[in-house]
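This briefing is meant for a reader who is meeting the structure for the first time. It begins with one pairing of strands and then moves outward, topic by topic.

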Amino acid sequence: MADQPALRVAIVGGGIGGLVLAVALRKLCGDRIRVDIYEAAHAFSEIGAGIGVWPRVWATMEALDLAGDLSAVATGNDGQELQMRRSDNPTDGIESGSGSLMNVWLKMRGIRAFHRAEFQAVLIAHLPPGPFYATHFNKRLSSYAPTQDDSDTITLTFVDGTTAVCDLLVGCDGIKSVVRSTLYRSSPTADPVWSGSVAYRSLISQEALREVNPEHPSLTKGMMPSHRPALQHLVAFPISNHKFVNIVAFVTEAEGEGTKYEGEWMREASKQEVQEAYAGWEPLVMQLIEASSASWEANDRPLTSIDKASLWAINTVPRLPTYVGERVVLLGDAAHAMNPHQGSGAGQAIEDSFILASLLADSRVTRRVLPKVLEIYDSVRRPVSQDVARRSRDQGRIFDCILSPSDAGVDVPETTGNSLADDLVRRSAAAQQLLLWAKDTTIMDDRDKALRALDAALGTTSP
Ligand SMILES: Cc1cc2nc3c(=O)[nH]c(=O)nc-3n(C[C@H](O)[C@H](O)[C@H](O)COP(=O)(O)OP(=O)(O)OC[C@H]3O[C@@H](n4cnc5c(N)ncnc54)[C@H](O)[C@@H]3O)c2cc1C
């Protein structure tokens with residue numbers, strides 16, 4: 001064990017991004033780096049909802065020795081399927097041209113689905129032991145500034161009046177990031193904006209859904225009902241080794257994108273509100289809402305912190321011109337909070353963490369060369385994450401029938417002659433194309449690119 005760490009890294013925010021970074025720094029850098037997590041809440045917490053992880057992200061979980069424990073609480077992988085359905089028939093839905101429902105991209109891309117609290121529990125179990133690691137709860141950052149003594153360090157100031165010093169500050173503090181607003185000197189151009197969508201989120205137990213309909217497709221695979229001209233769509237898929245079904249039901253205002261959301265960003269929602277939002281949709285949709293109600297009443301989900309459906313305003317961070325300052329770096333939602341339509345916000349936070357920790361693991365990286373290292377992080381991570389954010393946004397607008405695939409620059413097959421089926425075929429083909437990055441690119445290639453850039457920048461520089 002080293003006597004003194006080479007670098008002191010302060011992670012502000014202990015969500016998925018901050019936790020994965022702490023695990024990655026330990027795994028890849030060992031005792032070379034001291035890690036402190038400063039979390040505003042009194043404990044790590046996660047909401048009662050599902051989360052999907054693509055193979056590109058899963059590769060980082062394998063590299064960090066998390067895959068074994070996560071596999072025990074995962075649902076799906078290559079067996080996952082998603083049915084895209086037209087749902088505007090309140091008696092029996094509408095199936096696609098051939099009469100069979102379409103299985104689209106989820107099966108091909110090998111997504112794994114988790115209960116967020118179970119995913120988080122694995123990360124917490126892998127947090128490093130002391131003495132070079134510490135978690136500080138009830139520490140809400142209020143600002144940071146270069147330390148006044150020319151030491152090339154950063155001084156953090158917390159709402160409780162205390163301070164801390166670090167060599168590198170990593171802002172993992174989510175969409176309302178204080179680190180981002182300080183880095184951007186409170187410029188409104190870096191403030192989050194509304195995507196135009198809200199989402200009702202809920203978990204239902206498999207038993208509750210089985211009682212309503214023992215043959216419901218969401219018991220075994222993902223389902224995505226939508227229809228033209230409704231500006232809404234719903235996603236439901238099993239998580240937690242099939243113990244629960246995760247439901248996200250979107251409602252969009254086409255002109256709302258880029259405006260400021262008036263109202264609470266998250267609040268509870270009643271069953272009646274969700275039913276009214278989806279009135280006239282096919283029975284399989286209404287059964288999900290009906291079963292949601294049953295399981296809320298049963299209150300049978302010890303792992304959830306939200307026991308009812310909740311309504312989330314989907315806000316996003318605009319395309320930032322940089323994720324870094326000299327000794328400050330943004331990661332996860334703080335840098336690129338995005339629409340959730342490709343299930344990738346947390347995945348991109350995980351990729352950020354992996355690339356940053358891989359760079360810091362190089363023994364030539366010292367406080368002096370940190371600005372160069374952060375530039376490389378920015379050059380590798382910003383284009384990828386902002387491209388995923390753009391694809392996620394376009395995919396949602398295609399699902400909501402606001403954007404045509406061709407307007408999104410996606411080349412999809414022309415009509416089949418059956419207009420109902422054709423609409424679905426075109427939108428599912430567009431979704432597959434927009435998701436190609438998850439299949440055709442790898443995080444390890446990006447890691448290697450970052451390390452090559454580090455070599456070029458540092459050469460044989462001695463620490
Ligand atoms: C409906 C929906 C579905 C989604 N589905 C998926 C999915 O399937 N797959 C996927 O990859 N992503 C998904 N996402 C996105 C994902 O939830 C987020 O991108 C991810 O949770 C962001 O993690 P984070 O660690 O960057 O930020 P957060 O989870 O927001 O964590 C920030 C942490 O910082 C703390 N904090 C905040 N301010 C301060 C401060 N000033 N000082 C100290 N601490 C502070 C907070 O308490 C919190 O613990 C979805 C999002 C939504 C809305």
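In this predicted model, strand 1, which covers residues 7-12, pairs with strand 11, residues 168-171, in the parallel sense over four bridges. Within that pairing, Ala 10 has Leu 169 of strand 11 as its bridge partner. Taken as a whole, the chain contains 15 helices and 18 strands, and buried residues account for 48% of its 463 residues.

**The parallel sheet and the helix packed on it**

- Strands 1 and 11 belong to an open sheet of five strands, which runs in the order 7-2-1-11-18 with parallel pairing.
- Strand 7 (133-136) and strand 18 (328-330) stand at the edges of this sheet, and because each has a single partner strand, one side of each is left without a neighbour in the sheet.
- From one strand to the next, the twist of this sheet averages 20 degrees.
- Helix 1, residues 16-29, packs on the sheet and touches strand 1, strand 2 (33-38), strand 7 and strand 11, while its direction makes about 170 degrees with that of strand 2.
- The unreviewed UniProt entry places the feature "transmembrane region" at residues 6-25; in the model, this span is 50% helix and 30% strand, and its end C-alpha atoms lie 13 Å apart.

**The antiparallel strands 8, 9 and 10**

- Strand 8 (141-146) pairs with strand 9 (residues 154-158) in the antiparallel sense over five bridges, and in this pairing Ser 143 stands opposite Thr 157 of strand 9.
- Strand 9 also pairs with strand 10 (residues 163-166), again in the antiparallel sense, over four bridges, and here Thr 157 stands opposite Thr 163 of strand 10.
- The hairpin of strand 9 and strand 10 has four residues between the strands, and in this hairpin Gly 161 takes a positive phi near 90 degrees.

**Backbone features in the loops around strand 7**

- Gly 130 and Pro 131 are joined by a cis peptide bond, with omega at about 5 degrees, and Pro 131 is found in the loop between helix 5 (116-125) and strand 7.
- On the other side, in the loop between strand 7 and strand 8, Asn 138 has a phi near 55 degrees, which is a positive value in a residue other than glycine.
- Asn 138 counts as partly exposed because it has 13 C-beta neighbours inside 10 Å, a count that falls between the limits of 12 or fewer for exposed residues and 20 or more for buried ones.

**Helix 12 and the residue that follows it**

- Helix 12 (370-399) has 30 residues and reaches 42 Å from its first C-alpha to its last, which is close to the 44 Å expected at 1.5 Å a residue.
- A kink of about 30 degrees lies at Arg 381 in helix 12, shortly before the proline Pro 383.
- Just after helix 12, Cys 401 takes a positive phi of about 60 degrees, although Cys 401 is not a glycine.
- Cys 401 is found in the loop between helix 12 and helix 13 (419-434), and with 19 other C-beta atoms within 10 Å it is partly exposed.

**Two residues with contacts across the chain**

- Among contacts in the chain between residues at least 6 apart in sequence, 76% join residues at least 24 apart.
- Leu 70 lies in helix 3, residues 67-71, and is partly exposed, with 19 other C-beta atoms within 10 Å.
- When residues up to four places away in sequence are not counted, Leu 70 touches Met 61, Phe 119 and Val 122; the C-alpha atoms of Leu 70 and Ala 121, which are 51 residues apart along the chain, are separated by 9.4 Å.
- Val 198 has its place in strand 12, residues 193-205, and is buried, with 23 other C-beta atoms within 10 Å.
- Leaving aside neighbours within four places in sequence, Val 198 is in contact with Val 251, Leu 311, Trp 312, Ala 313 and Ile 314.
- The C-alpha atoms of Val 198 and Trp 265, 67 residues apart along the chain, are separated by 9.0 Å.

Definitions and conventions. Residues numbered from 1 in each chain as written. Predicted model: local features only at pLDDT ≥ 70, side-chain atom pairs only at ≥ 80, totals over all residues. UniProt positions renumbered as here; feature names shortened; annotations may be inferred. Helix = DSSP H or I, 4+ residues; strand = E, 2+ residues; numbered from the N terminus. Pairing = 2+ DSSP bridges. Axes fitted to C-alpha atoms, helices over the stretch in contact; angles between N-to-C directions. Contact = placed C-beta atoms within 7 Å. Expected span 1.5 Å × (residues − 1). Bend = angle between axes of the 7 residues up to and from the residue.
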